[in-house]
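Work through the exercises below with the sequence and the 3D structure in view, and try each task before reading its solution.

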Amino acid sequence: MHDLYISQQIAREVIKKAEEKEGSEVLEVKIKLGELTHLNPEQIKFWLKELFRKTCASGAKILIEKTPVTIRCKNCGYRGRIEKALSEYEYPISFSLFSLNCPECGSCEVEVENGRECMLERIKLKVK
């Protein structure tokens, strides 16, 4: 249901922006999804196609880019990707119970810089 709710918010924003810009048709929608959002890109695409039916976005191409998790270590200053891919952790992952460790020093005092975003990056419109 998380995927459906987020898809509804994205669809609402896409259609709102198309109306504001007087777009006759939405050609393309690009979305960035961070690895830590727990959103399934295929489910997001499915729901958006369903939600776009009978709207100006019904034929829109939906592009989804996964954003990897990058961290900054407060202990040693390391900045970059985590060593262990998110897919190697047991699923489902609860971020509050899930610890990211610095691949350089092993510290768990890290700040997530990327990987939590769910962003509508671009809407390509055909204008009237």
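**Exercise 1: A salt bridge across the chain**

Glu121 is partly exposed, with a relative accessible area of 34%, where buried means under 20%, exposed over 50%, and partly exposed in between (1.4 Å probe, protein chains only). This is a predicted model, in which local features need pLDDT of at least 70 and side-chain atom pairs count only at pLDDT 80 or more, while totals for chains, interfaces and linings use all residues. Residues are numbered from 1 along each chain as its sequence is written, and side-chain values use heavy atoms, with hydrogens and water left out.

*Task.* Find which residue forms a salt bridge with Glu121, and describe where the two partners sit.

*Solution.* Begin with the definition: a salt bridge is a side-chain nitrogen of Lys or Arg within 4 Å of a carboxyl oxygen of Asp or Glu. The partner of Glu121 is Lys32, and their closest N and O atoms are 3.4 Å apart. Next, place the two residues: Glu121 belongs to strand S6 (residues 118-127) and Lys32 to strand S1, so that the pair links distant parts of the chain, 89 residues apart, where strands (E, at least two residues) and helices (H or I, at least four) are DSSP runs, numbered from the N terminus. Lys32, like its partner, is partly exposed, at a relative accessible area of 21%.

**Exercise 2: The two sides of a helix**

*Task.* Determine which residues of helix H2 are buried, and explain how they are arranged around its axis.

*Solution.* First, locate H2, which runs over residues 41-52. Its buried residues are Ile44, Leu48 and Phe52. They lie on the same side of H2, because they cover an arc of only 55° around the axis, the arc being that of the directions from the helix axis to the C-beta atoms. The general rule is that an α-helix has 3.6 residues a turn, so residues three or four places apart point the same way. Now turn to the other side of H2, where Glu42 and Lys49 are exposed. Finally, ask what covers the buried residues of H2: the cover includes helix H1 (2-20), strand S1 (23-34) and strand S2 (61-67).

**Exercise 3: The ends of the helix**

*Task.* Identify the residue that caps the N-terminal end of H2, and the residue with positive phi that follows H2.

*Solution.* At the N-terminal end, Asn40 is the cap, with a side-chain oxygen 2.8 Å from the backbone nitrogen of Glu42. After H2 comes Lys54, whose phi is positive, near 60°.

Conventions
Expected span 1.5 Å × (residues − 1). Contact = heavy atoms within 4.5 Å. Polar contact = N/O pair within 3.5 Å; in protein donor to acceptor, adjacent residues only side chain to side chain.
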